[in-house]
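Have a look at the model below before reading on. We'll take a walk through it, starting from one aromatic residue and working outwards.

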Amino acid sequence: MSSEQQASRALHARVRRFAGESLERGETSESFEQLALAIGRQQSAHNPIVARLQGARPPARDWTELPALPADAFRLGRVASFAASEECARFQTSGTTGGAGVHAFRTLDTYRELSLAWGGRQLFGSSPARATVLALAAPFEPERRSSLGFMMQEFMREFDARRLLGQGPFDPLEPGRWLLQPGALDVRGLARGIERAARAGERVLLLATSFALSWLLDALAGSRCPLPAGSVVMQTGGFKGHVRTLDDGALAAALCAALDLPAASLIGEYGMTELSSQLYDGGFGQGPGGQSVFLEPPWLRVTPVDPITFAPVAEGEVGLARFTDLANVDSSLVVLTQDQVRREAGGLVLLGRRPGAQLRGCSLAAEALSEAEPIALDPGAVRA
């Protein structure tokens, strides 16, 4: 094992330890800044794109001084600190203008552990992380390389009520789990899944993009499909790049009525292929003034920055989202997006893409039922 491989493995272990400590007791054996600087040094030494970005700048003395890589770099070149022969997964952004981007991973252990830890806490709160998990999405297939599909599969695996209760092994392709098929949304399958959960006294965790939920409302045509008490809907993605648009408030109100769901149980998730971590809000309209305020996990810092100077803006002002994601050990620690955000009430209000920015988003996959044409890759492109 090379010194770079050893350093990477050690950094992954430190990040997972930091995440566990921060969630379990709020105190950590090392600081966010220490980890960020260590990962930054590793990437400057071994990641050619980050090294070029660093250039002749002096080494960062503070994590806020680390250079930010524009998200578009993931579609212009391979952003990785390791050889392609070491890849265990390549997640590809949805088909958007300007071409698809790719995020390469040498291990999915950190991605999996941290997404489950934060997702479980934000979706289930203090109650047991157990449900009948259904997805308004096409079945996850490694060759399609959807990071969202992978996360949905891992949520199914981790939070599956029958597996946790010892009632049978987990089968990711079990009929009735994935309810979006080419040309159709399986509303009857959804109803059967809800009925099965209700008979077992279990709640439902329904995973879906905004566009898929809109499609569900169309399919229901005004009828209701009540979820069991305590159920949660995780809504991700938006209507970026679509001719059709639907006001978030109108969508939320219609969904809550159709599914007999409290607004606090319609939880928004924000993620992107270029990151390894996700943010969640506290339920639709649960923030100050009826806004949805998204919270980042302790291992992710989001800084709104000025679009010209890239300097942090004042609290309450709008800026571009600059992500510092400790889980991005082997790609780019700091990613600058064209998403506009405002820090407020201890979290982030998402304000959409900067005008004129290129379009992106997971909802594009739901509408087309496929992502951009995949780069040639082995069928085993994603290995656990």
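What follows is a short tour of one residue, its partners and the cores around it. Keep in mind that this is a predicted model.

Let's start with Phe-32, which sits in helix α2 (residues 32-46). Is Phe-32 buried or exposed? Its relative accessibility is 4%, and buried means under 20%, so Phe-32 counts as buried. As for what surrounds it, setting aside neighbours within four places in sequence, Phe-32 is in contact with Phe-18, Trp-63, Pro-298, Trp-299, Leu-300, Arg-301, Thr-324 and Leu-326.

Two of those partners deserve a closer look. One is Arg-301: its charged end sits over the ring of Phe-32, 4.0 Å from the ring centre. The other is Trp-63, whose C-alpha is 8.4 Å from that of Phe-32. Out of a count of 12 aromatic pairs, Phe-32 and Trp-63 make one that is edge-to-face, with 5.2 Å centre to centre and 75° between the planes. Phe-32 belongs to helix α2 while Trp-63 lies in the loop between α3 (48-54) and β1 (69-70), so this pair ties together parts that are 31 residues apart in sequence. Trp-63 counts as buried too, because its relative accessibility is 13%.

Elsewhere, ring pairs link Phe-91, Phe-105, Tyr-111, Phe-140 and Phe-150 into a cluster. There is also another arginine over a ring: Arg-78 lies over the face of Phe-82, at 4.9 Å from the ring centre.

Phe-18, also on the contact list of Phe-32, takes us to helix α1. Its 22 residues (3-24) should span 32 Å at 1.5 Å a residue, and the end C-alpha atoms are 31 Å apart, which agrees. The buried residues of α1 include Leu-11, Val-15, Phe-18 and Leu-23, but also Glu-4 and Glu-21. Among the elements covering the buried residues of α1 are α2 and α5 (109-124). Just after α1, Gly-26 takes a positive phi of about 80°.

Now for the bigger picture. In soluble globular proteins, nonpolar side chains tend to be buried together. Here the largest nonpolar core has 50 residues, and Leu-123, Phe-155, Leu-205 and Leu-326 have the most contacts inside it. Elements giving two or more residues to this core include α1, α2, α5 and β7 (204-209), while α6 gives the most, with 7 residues. A second, separate core of 27 residues includes Leu-134, Leu-216, Leu-251 and Ala-258.

Leu-326 brings us back to the start: leaving out residues up to four places away in sequence, Leu-326 touches Phe-32, along with others including Val-15, Phe-18, Leu-35 and Trp-299.

Terms used. Residues numbered from 1 in each chain as written. Predicted model: local features only at pLDDT ≥ 70, side-chain atom pairs only at ≥ 80, totals over all residues. Heavy atoms only, no water. Helix = DSSP H or I, 4+ residues; strand = E, 2+ residues; numbered from the N terminus. Buried < 20%, exposed > 50% of the residue type's maximum accessible area, 1.4 Å probe, protein only. Contact = heavy atoms within 4.5 Å. Expected span 1.5 Å × (residues − 1). Core = buried A, V, L, I, M, F, W, Y, C linked by side-chain atoms within 4.5 Å. Phe/Tyr/Trp six-rings, centres within 6.5 Å; stacked < 30°, edge-to-face > 60°. Lys NZ or Arg CZ within 6 Å of the ring centre and 35° of its normal.
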